[in-house]
Amino acid sequence: MAQSLPPELWSHIFGLAADEDTIFYPGLPTSMTQSSWARSLVTDWQLRTPRDLINMVQRRSYATKKSIISTCRSWRCLGLEFLVRYLFFNDPSKLRSLTVLLTSNPSLGWWTRRLHITHFLYERGPSLDDFEAALTAVLTQTPNLEIFIVDWPLSRAFGSIADTLGTHCKNLRTAHWHVPAELLPKVIWALDALPLLVSLAVEFDAPLKDCDMLTLGSAQDVKLHLPNLQQLILRGYSAEFIEQASGWSLPLLRSFSFDFGNKREDVPDVLPFLGTHGTSLLFLDLDCIPALDIRTILDLCPLLTAFSFNLDWKIPPIAQNADTGDGSIVFTNRPHEHIAHIGLHGLLFAFGVGLASAYATPDPLSALLVQRTNDKNFAALTKASFPRLERVRVLSPTVLTDLERADGPQGSGMERWERWAGMCESKNIRLEDCTGALLGTLPQEYEEEEEDEEEVEEDEFLEDNEYSYTDDEEPARPGGVGLSELRALLEECRRMSEEREDPPFALTYR
């Protein structure tokens with residue numbers, strides 16, 4: 001059977017079975033990307049974040065690929081290059097074994113398009129800096145690398161890694177880096193060497209020395225031109241990056257996400273950045289505790305179709321009611337004609353559940369003030385300000401998890417949820433949680449689906465396994481997958497593709 005179809009067709013079929021369209025998509029998850037519920041051994045239900053989901057897809061894809069090349073000798077020959085198209089690790093020590101493999105088989109690295117090193121051992125385990133030589137050696141042998149994601153924090157190793165990317169990985173389209181704030185000059189020089197980038201995410205940790213002592217040196221005079229960059233995600237101490245990027249040329253920028261975490265001081269000034277780049281944005285996500293000038297921001301971004309902000313922000317009332325101190329809230333100076341999707345951060349106090357509810361017990365006044373702000377801001381989500389508004393999504397996974405554990409809103413939170421749901425229904429607006437379901441739809445209402453997931457570690461593909469059966473045999477193998485199972489996998493992939501939610505913006509990728 002394997003010889004009855006051309007290799008190109010088999011490669012396409014294998015790609016469908018292994019979810020490669022998802023794995024190789026250049027865009028990075030945003031706050032509007034859906035989470036999902038799954039059964040947990042510890043609690044009844046666990047919320048899977050978009051990061052958890054893409055990691056799961058990669059593990060499942062690798063298991064599928066292992067089964068494919070185990071089916072027959074012809075498929076094994078076709079599948080070796082297919083197996084190394086992406087490399088996914090949660091243990092950086094495996095990079096040393098990978099280096100040995102690529103050195104002994106130089107042609108294998110040519111096929112690699114994605115390298116993802118995820119981090120499950122937060123604040124524990126080895127530093128990725130200890131594997132600098134191994135990682136740079138892998139990068140030198142993967143000239144067609146398009147996606148490079150490193151969730152582990154990088155420090156002294158970032159300089160040599162950035163130099164290697166600029167020298168050997170000229171086709172890089174997607175990058176995710178996690179570095180200390182004082183390495184911004186090296187980040188700028190790295191971007192200068194990677195003009196084909198389409199998506200970029202940078203997480204800046206707190207500087208290891210006083211912020212006043214940070215200098216950019218010659219990087220301060222670099223006016224970057226990134227003609228293909230369409231998505232930019234910044235987290236942490238990104239004030240200096242945003243200030244520098246205000247003077248860069250980003251003609252195709254369509255999506256900007258800014259997450260300042262729980263910090264309340266030294267919030268970056270995003271207005272100059274949006275004054276330069278806001279006119280082309282389709283998606284804007286601003287997640288910080290201090291309130292920003294939302295009306296000016298929306299004026300600077302007239303083409304937005306999706307906008308996310310913190311509903312805990314205390315928005316000043318419109319000018320004519322400012323003297324009363326209790327005027328109505330309006331988010332726009334004029335109706336925004338394009339926004340159809342709005343995401344809401346915050347809301348930990350809104351529904352009377354979780355740790356926020358516990359903290360509110362000794363200090364109820366603070367909780368009441370936040371809840372009052374939530375009510376005023378939610379009431380401002382009107383068709384008068386957003387004529388095309390179709391969807392409002394509560395983005396916090398913490399809020400949804402707390403609702404599930406408490407079996408729904410408690411106390412005044414139930415009345416608030418009913419009032420908000422009624423307001424949205426009357427305006428023909430869908431009120432959702434972070435899974436895309438209607439807010440208030442908890443997982444107990446779903447029909448339980450059993451999932452048998454095979455957890456496969458990436459280092460297994462480094463082992464040398466031989467198979468001696470013929471092409472027309474389909475022997476029984478413990479844990480293996482036969483042709484009928486592969487057909488079922490293809491059908492599942494087609495179903496998942498049909499159910500997948502379209503992103504609020506699409507990347508143009510060539």
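**Notebook: a buried asparagine, a helix pair and aromatic contacts**

I looked up Asn374 and recorded it as buried, because its relative accessibility is 0%. I note here that the model is predicted. I placed Asn374 in helix α13, which covers residues 364–379. I then listed what Asn374 touches, leaving out residues up to four places away in sequence: Leu311, Asp312, Leu347, Ala350 and Trp420.

**Helices α7 and α8**

I next turned to the packing of two helices. Two packed helices are described by the angle between their axes and the distance between the axes. For helix α7 (residues 158–168) and helix α8 (residues 184–192), I recorded an angle of about 10 degrees and an axis separation of 9 Å. Angles under 35 degrees count as roughly parallel, and I therefore entered α7 and α8 as roughly parallel to each other. I looked up the residues at this contact: α7 contributes Phe158, Gly159 and Ala162, and α8 contributes Lys186, Val187 and Ala190. I sorted the residues of this contact into four nonpolar, one polar and one charged.

**Aromatic pairs**

How many aromatic pairs does a search of the whole structure find? I recorded eleven. I examined Trp110 and Trp111 among them, and found an edge-to-face pair with 5.2 Å centre to centre and 85 degrees between the planes. I entered Trp111 as partly exposed, because its relative accessibility is 35%.

I also examined Phe158 and Trp177, which form an edge-to-face pair, 5.2 Å centre to centre with 70 degrees between the planes. This pair links distant parts of the chain, 19 residues apart: Phe158 lies in helix α7 and Trp177 in strand β6 (residues 174–180). Are these two rings buried or exposed? I entered Phe158 as buried, because its relative accessibility is 0%. I entered Trp177 as buried, because its relative accessibility is 0%. I note that Phe158 also belongs to the α7 side of the contact with α8.

I then recorded one aromatic cluster, formed by Phe307, Phe309, Trp313 and Phe331.

**Charges over rings**

Finally, I looked up charged groups placed over aromatic rings. I found the charged end of Arg113 over the ring of Phe24, 4.0 Å from the ring's centre. I also found Lys263 over the face of Phe260, at 5.0 Å from the ring centre.

Technical notes. Residues numbered from 1 in each chain as written. Predicted model: local features only at pLDDT ≥ 70, side-chain atom pairs only at ≥ 80, totals over all residues. Heavy atoms only, no water. Axes fitted to C-alpha atoms, helices over the stretch in contact; angles between N-to-C directions. Helix = DSSP H or I, 4+ residues; strand = E, 2+ residues; numbered from the N terminus. Parallel < 35°, antiparallel > 145°, perpendicular 65-115°, else oblique. Contact = heavy atoms within 4.5 Å. Nonpolar A, V, L, I, M, F, W, Y, C, P; charged D, E, K, R; others polar. Phe/Tyr/Trp six-rings, centres within 6.5 Å; stacked < 30°, edge-to-face > 60°. Buried < 20%, exposed > 50% of the residue type's maximum accessible area, 1.4 Å probe, protein only. Lys NZ or Arg CZ within 6 Å of the ring centre and 35° of its normal.
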